[in-house]
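Visitor: Please give me a close look at one part of this model, the pairing of opposite charges, and set it in its surroundings.

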Amino acid sequence: MSKWSDLSKQEQLSILLTVIGVGLALLNRVRAGSVILALGSAGYTYLRYQRIGMKRRIELYLPLGIAAALIVVAITLPHAR
């Protein structure tokens, strides 16, 4: 795993968004936490895919698909706070 200082600013922002999303979800703000978590993880996945030399499409499409599904589920939750 890379050191925090070795990561780009965009990757640091993506990790920060992911942590904020998890924190909001733990504090009973499920919808907002899920959307922020999905955006952070999608951003980190895309940036990591761009940086890594080996390019297998499944390494990009599967995590992005999971993040998109998380956003859809978060938006369609009937009683999320």
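Guide: A salt bridge is counted here when a side-chain nitrogen of Lys or Arg lies within 4 Å of a carboxyl oxygen of Asp or Glu. The model is a predicted one, in which local features need a pLDDT of at least 70 and side-chain atom pairs count only at pLDDT 80 or more, while totals for chains, interfaces and linings use all residues. Residues are numbered from 1 along each chain as its sequence is written, and side-chain values use heavy atoms, with hydrogens and water left out.

Searching the whole structure yields 2 salt bridges. One of them joins glutamate 11 to arginine 51, with 2.9 Å between the closest N and O atoms. Because glutamate 11 belongs to helix α1 and arginine 51 to helix α2, this pair ties together parts that are 40 residues apart in sequence; helices here are DSSP runs of H or I with at least four residues, strands are runs of E with at least two, and both are numbered from the N terminus. The partners differ in their exposure classes, which are defined with a 1.4 Å probe and protein chains only: buried is under 20% relative accessible area, exposed is over 50%, and partly exposed is in between. Glutamate 11 is buried, at 3%, whereas arginine 51 is partly exposed, at 44%.

The helix that carries glutamate 11 runs over residues 9-26, and its end C-alpha atoms are 26 Å apart, close to the 26 Å expected for its 18 residues; the expected span is 1.5 Å times one less than the number of residues. Glutamate 11 is listed among the buried residues of α1 together with Gln12, Ser14 and Gly21, and what covers these residues includes α2 (30-51). Another face of the description concerns Leu13, Leu16 and Ile20, which form a nonpolar surface patch with about 270 Å² of accessible area together. Patches are built from residues with over 30% relative accessible area and no salt bridge, joining like charges within 9 Å and nonpolar side chains (Val, Leu, Ile, Met, Phe, Trp, Tyr) within 5 Å, and accessible areas come from the Shrake-Rupley method with a 1.4 Å probe, only the protein chains shown counting as cover for residues. An α-helix has 3.6 residues a turn, so residues three or four places apart point the same way.

Between α1 and α2 lies a loop that contains asparagine 28, whose phi is near 75 degrees, a positive value in a residue other than glycine. Asparagine 28 counts as partly exposed, at 45% relative accessibility.

On the other side of this salt bridge, α2 has 22 residues that should span 32 Å, and its end C-alpha atoms are 31 Å apart, which agrees. Its buried residues are Gly33, Ser34, Ala38, Gly40, Ala42, Thr45 and Tyr49, and their cover includes both α1 and α3 (58-76).

The second pairing links glutamate 59 with arginine 56, the closest N and O atoms being 2.7 Å apart. Here glutamate 59 is partly exposed at 27%, and arginine 56 is partly exposed as well, at 46%.

As for the setting, the protein has 3 helices and 0 strands, and buried residues make up 19% of its 81 residues. Of its contacts (heavy atoms within 4.5 Å) with a separation of 6 or more, 52% come from residues 24 or more positions apart.
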